[in-house]
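Student: Could you take me through the surroundings of ligand 2, contact by contact?

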Amino acid sequence: MKRREFIKISGLSLGAFALFDPSFGLIGEIPSEKNKRFPTYCEVCFWKCAGWTYLNEKGEPWKIIGNNDDPNCNGRLCPRGTGGVGMYYDKDRLKTPLIRINERGKQTFREASWDEAFEYIANKMKNISAKYGPECMALFTHGSGGAYLGHLLKAFGSTNIAAPSFSQCRGPREVAFAVTFGDIVQSPERTDIRDTKCLVLIGSHIGENMHNGQVQEMSDAIDKKATIITVDPRFSTAASKSKFWLPIKPSTDLALLLAWIHEIIYNEWYDKKYVEKYTFGFEQLKEHVKSYTPEWAYGITTIKPQIIVETAKEMANASPSVIIHPGRHVTWYGDDTQRIRAIAILNALLGSWGRRGGLYNPDKVHIPKYPSPPYPEPKKTWRDAFPGKYILAEEVLASGICDATIPSSERDCTFKGWIVNGTNLIYTIPDQKKTLNAIENLELLVVIDTMPMEITGYADVVLPECTYLERYDDIRNSPHREPNIALRMPAAKPMYNSKPAWWIAKGIAEKLGLGNFFTYKTIEEKLDWELTQIGSSLKEMKQIGVKKIKRESDDLYFLENQEIEFNTNSGKIELFSTALENEGFDPMPKYTEHEEPPEGYYRLIYGRAPMHTFSRTANNPNLTDLMDENSVWINPKVAKNWELKNNQYIWLQNQDRVVSTFSIKVRITERIRWDSVYMVHGFGHSDKRLTTAYGKGASDSELITKVLIDPIMGGTGMRGNFVTFLTENPN
Ligand SMILES: Nc1nc2c(c(=O)[nH]1)N[C@H]1C(S)=C(S)[C@@H](COP(=O)(O)OP(=O)(O)OC[C@H]3O[C@@H](n4cnc5c(=O)[nH]c(N)nc54)[C@H](O)[C@@H]3O)O[C@H]1N2
Ligand SMILES: Nc1nc2c(c(=O)[nH]1)N[C@H]1C(S)=C(S)[C@@H](COP(=O)(O)OP(=O)(O)OC[C@H]3O[C@@H](n4cnc5c(=O)[nH]c(N)nc54)[C@H](O)[C@@H]3O)O[C@H]1N2
Ligand code: SF4
Ligand SMILES: [Mo]
């Protein structure tokens with residue numbers, strides 16, 4: 001029963017629109033007891049579902065099944081997590097350390113021993129430290145190994161540790177929520193979808209975005225007759241499950257949000273008691289949105305006034321059990337923090353923050369840190385490269401480190417060495433030319449990866465990490481309704497000459513004379529010490545995989561009339577943001593216009609497919625069986641004008657005359673507006689060592705050359721690019 005429910009939402013049940021074979025749903029059954037199983041948590045995406053790796057008769061990893069006690073997955077993995085064993089078996093894996101012997105990008109490497117690779121890295125790092133200071137080393141990381149490599153970098157004297165999940169992903173929403181509510185959204189999101197009566201999705205394409213627990217909760221909410229309102233220029237899977245689909249003109253969402261705020265205030269549909277008790281700046285907001293009427297928004301968004309009013313009423317009826325979803329990948333148009341501010345304000349007006357069916361208060365376990373000496377105090381940080389800018393960004397900007405690596409007379413801080421762990425920067429940070437220019441200026445580029453992805457081609461040293469099925473990692477400690485932890489342990493010995501990140505970090509530290517920061521002999525020793533501090537042990541966790549720990553107090557939701565001091569300047573929920581005003585930004589969101597596609601061009605928008613994660617799964621043998629290339633969605637009207645046929649291969653050319661390296665299959669569909677085209681991110685791999693993924697589909701990343709920077713927090717807006725079609729091979 002449960003299994004079917006999930007499939008219902010993850011695949012579109014509209015026959016001809018089927019997105020993927022529904023027989024490939026979630027694996028939830030338990031195989032026979034005689035098979036051995038080992039606890040793990042998934043690394044195919046960052047939802048980090050906990051599960052069990054089972055071995056086959058020959059003692060090899062065979063299948064991965066969700067852990068029933070895990071709140072992130074409730075015993076069921078998504079198609080990608082189920083296909084995770086493909087990462088272990090991928091024949092193209094990196095097999096041994098490599099040192100570059102030729103110019104960058106040429107991929108001429110020689111095999112090296114781990115000791116030789118560590119010696120090389122440590123010598124270069126010492127040189128950089130002596131010449132420029134240790135702060136000129138930066139770490140880019142996305143994934144579990146980051147904890148150990150981050151510890152290494154801080155011990156070395158640099159705090160420049162960046163993840164693309166901030167400046168290329170959820171950064172604007174965290175800043176917008178922090179300035180409004182004094183707290184961030186976090187991951188997994190604190191959205192109480194399970195108990196909501198109305199869920200509003202602004203772009204968020206849950207169901208294609210397969211963040212597991214969230215998809216399950218949305219499916220449950222639909223069964224409980226919750227209203228779903230989806231705002232998307234594309235008829236997404238979520239749209240197909242919605243009572244209202246608002247096919248908005250892309251880039252105009254802020255106008256719709258402001259009109260909703262207008263309606264909710266002027267019709268007095270807001271939660272009066274809540275607004276009075278908890279918020280700051282209501283009268284200013286009321287005045288501010290006076291002219292943002294549904295009729296005004298219609299002219300901008302193409303959404304009819306009557307629909308705007310009707311959907312606003314729908315939200316108000318559900319209040320406070322309503323969620324205007326904060327989104328996750330929100331770096332779209334450069335005014336993203338302000339767009340998410342409008343979302344935060346709507347949630348505040350409807351009283352959903354801190355309420356059942358709205359946004360709950362998550363909690364996590366407090367795990368003491370393994371003893372280690374204090375870190376040296378860095379003399380400078382990435383912020384010195386941007387004086388007076390991006391003050392409200394609470395994390396390091398990956399794109400900012402990139403900018404600050406390119407020498408400029410305006411900056412005295414330039415980076416000289418990068419360690420890149422688990423992020424394919426070439427495909428992840430927009431404006432590839434700039435990323436490559438930055439790389440050209442480096443004295444050291446170390447890449448730690450499992451696969452020969454594009455970024456490894458530019459490395460001086462490539463270090464092969466073993467896959468998540470072959471290693472221990474830090475204890476997973478994700479915030480949730482109930483605090484909980486999960487263990488990842490190896491189910492197999494590392495294949496080839498690959499090693500875990502903790503071992504790599506410790507090895508480099510020892511060569512740098514920083515061995516005192518990694519005093520444990522084995523990772524088991526460290527994990528057991530940490531687990532013992534919170535009343536568990538490695539032995540216990542090996543048996544149960546996931547452990548839930550009781551919340552310290554009953555504060556999942558606000559109590560009736562509870563007095564609350566919010567972590568903002570005014571101590572209230574700030575409808576009028578004093579933090580933004582202090583930094584010289586609009587204290588309340590204003591509508592800003594965005595550039596329109598020129599004649600013959602279409603806005604390039606992109607998203608996820610249920611069976612793939614970014615560019616990291618494109619070579620996975622199990623997942624390419626389900627989908628091995630992307631296609632470009634084109635409206636029938638447009639296809640007719642261009643005389644395009646379904647399944648025809650074409651090339652895309654953007655406004656800066658950049659042409660896709662590979663061709664992409666045409667998919668003609670009413671499900672996309674005529675002014676836009678859509679493609680799934682992560683395809684069009686150009687590294688021939690990826691023997692399955694090479695040349696399959698096209699890459700959105702290479703066509704994103706225009707980047708709309710968010711002035712508030714430095715996020716890289718990627719949806720201001722336009723493409724046209726080439727039917728002959730231009731290359
Ligand atoms: N054009 C475009 N750009 C985007 C996006 C988009 O949709 N379109 N999405 C943005 C978003 S939301 C995000 S969060 C980022 C994601 O950005 P990334 O996390 O950089 O995504 P991937 O391209 O999948 O790169 C992951 C890398 O990690 C490697 N890897 C996988 N498993 C392991 C492991 O266990 N250990 C190590 N060391 N490496 C491993 C993979 O082989 C791959 O090289 O991209 C952002 N950039
Ligand atoms: N299967 C799978 N699931 C994933 C991931 C994955 O790689 N694979 N990655 C995970 C990560 S890190 C992230 S951040 C999330 C990202 O997933 P979301 O946060 O859901 O990402 P969005 O950018 O909202 O999603 C793209 C949607 O936005 C629509 N869109 C494009 N332009 C506009 C516009 O101007 N206005 C509106 N309203 N909509 C628009 C597109 O049509 C598309 O449906 O997914 C997560 N889940
Ligand atoms: S959502 Fe899927 S890919 Fe992501 S961690 Fe969970 S099972 Fe793995
Ligand atoms: Mo993301």
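Tutor: Happy to; here is a close look at the shell around ligand 2 and what lines it. This is a predicted model, in which local features need pLDDT of at least 70, side-chain atom pairs count only at pLDDT 80 or more, and totals for chains, interfaces and linings use all residues. Residues are numbered from 1 along each chain as its sequence is written, chains are lettered from A and ligands numbered from 1 in the order in which they are written, and side-chain values use heavy atoms, with hydrogens and water left out.

Around ligand 2 there are 31 residues, and those that come nearest are Asp232, Asp253, Tyr333, His612 and Arg719 (a residue is near a molecule if one of its heavy atoms lies within 4 Å of it). By class, this shell holds 14 nonpolar, 9 polar and 8 charged residues; here Ala, Val, Leu, Ile, Met, Phe, Trp, Tyr, Cys and Pro count as nonpolar, Asp, Glu, Lys and Arg as charged, and the others, Gly among them, as polar.

Now for the backbone. A nitrogen atom of ligand 2 is 2.9 Å from a backbone N or O atom of Met210, while a polar backbone atom of Phe614 lies 3.0 Å from an oxygen atom of the ligand. For Gly203, a backbone N or O atom is 3.5 Å from an oxygen atom of ligand 2. The protein buries 99% of the 920 Å² that ligand 2 exposes when taken alone (accessible areas come from the Shrake-Rupley method with a 1.4 Å probe).

Finally, ligand 2 lies between domain 1 (188-362 + 558-582) and domain 2 (602-726), because both give residues to its shell; the domain bounds come from an automatic or database domain assignment.

How values were computed. Polar contact = N/O pair within 3.5 Å; in protein donor to acceptor, adjacent residues only side chain to side chain.
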